[in-house]
Amino acid sequence: MATFNNYGAFAVDSGWGTAGNWSAGVPVDGQEVKVLTNSRTIPGTDHSLVQLDVMLAAADFLGALGSIGTPMRIDAAECTLEHGGANLYLDGIIANLYTDFPSLAATACVINSVNAKTVTAWRHRRGRATVGAACTLTAMHIIGEPAPGQSIVQFVAGCTPTLVEQECGKIIWDGNAGTPTVNVDGGELEQNGGTITACTLRGTGKIKHGAGTMTTLTMKGGILDITGPLAHAIGTIEYYDGQILQGSYADSAIAVNVRARGRMGWMPGTSLTLH
C-alpha cells in the first residue's frame, strides 16, 4: 500500500500543471500521487518527463482524464485506475497497471492510443478497457470479475501484445501487431481481426472466431464456436478435449490433430480435416 505524498483535489481549476491543485505542488519525479474526490474534466497534457512512483485515481474521482485525440501523458512505476466517473485516456510508460471500474457504461479506459508507449504488466478486473493502437503490452492478466458480464477488454488494430491470460470476462479482439500468445481459461474471446499466433483454450473458456487469423489453437477444454458464415482462418487445432461447434461453412482447410477424446458438433454437409 502506497503512502501518498501529493494529493490532487483540483480545487483551483482542472489543470494538472496548476500548483494550487496539489497538496505538494505539481507532481515531480518519484512522488506517490492520488487524485482526490472531484468531478473535473482534466485536459490531456504532456507530463511524460516526470516519472511518478505511484499514481492512483480511486473510485471517488468522478471526473475525466484526457480525451480521445489528446490523452494525458504520464509515466509511472505503478498506476491504479479505479474511478467511477467519465472516460480515462492515458498514454505513458507504466510498469504495473491495475484497472477496476464499477460500471461498463460509465467508464471507458483507453491506454496508449496516440503515443507509442509500453505497459509491462496490466491486471484488469472489472469495467471496460481498451489496449490502444500505440500500446506495446508485455503481459495482461484479466482476473476474477465479481459477476459475469462486468468486464470487457478490447484490443484494437496497431496494438502489440505479447501475452494475454484470460480468467473471465470478455475480450473483443479487433486487431493487433506482433505475435501474441493468448491463454483462455474462462470468459469469452471474440476474435474479429488481427493475428493470434498461439492460443490455448482450457477450463470454462470460450472462443468465438469470426474473422482474423489464429495460427495454432491448442484445445484442452472449453468451447470453440466457428458457426459463423465465413471461412475461419485457423491454421491448426491441437485437440485434447472440449467442444467444437461448427456452422454451415465447410472449414475443410482447418487441420485438427486429435490427441484425445471430446465432443465436436457439425452441421450436415460440412467438414474438418482430422488427423
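Which residues does I196 touch, not counting residues up to four places away in sequence? In this predicted model, I196 belongs to strand β17, which spans residues 195-201, and touches W173, P180, V182, L189, Q191, T213, M214 and T215 once residues up to four places away in sequence are set aside. With a relative accessibility of 0%, I196 counts as buried. One of these partners, M214, lies 18 residues from I196 in sequence, yet the two C-alpha atoms are 4.8 Å apart in space.

M214 is also among the residues touched by I234, a list that further comprises H209, L217, L224, I226 and I254 when residues up to four places away in sequence are not counted. I234 is found in strand β20, residues 233-246, and counts as buried at 4% relative accessibility. The C-alpha atoms of I234 and T215 are separated by 5.7 Å, although their positions lie 19 residues apart along the chain as a sequence separation.

The largest nonpolar core holds 57 residues, of which W16, L81, F155, L189, L217, L224 and I237 touch the most other members. In soluble globular proteins, nonpolar side chains tend to be buried together. F155, one of those core residues, touches V131, L137, M140, P161, V164, I171, I172, W173, D174 and G175, again not counting residues up to four places away in sequence.

W16, likewise named among those core residues, is in contact with H47, as are G17, M72, R73 and I74, leaving aside the neighbours of H47 within four places in sequence. H47 itself is found in strand β4, residues 46-57, and is buried because its relative accessible area of 18% falls under the 20% cut-off.

Definitions and conventions:
Residues are numbered from 1 along each chain as its sequence is written. This is a predicted model: local features need pLDDT of at least 70, side-chain atom pairs count only at pLDDT 80 or more; totals for chains, interfaces and linings use all residues. Side-chain values use heavy atoms; hydrogens and water are left out. Helices (H or I, at least four residues) and strands (E, at least two) are DSSP runs, numbered from the N terminus. Buried means under 20% relative accessible area, exposed over 50%, partly exposed in between (1.4 Å probe, protein chains only). Contact means heavy atoms within 4.5 Å. A nonpolar core is a set of buried Ala, Val, Leu, Ile, Met, Phe, Trp, Tyr and Cys residues joined through side-chain atoms within 4.5 Å.
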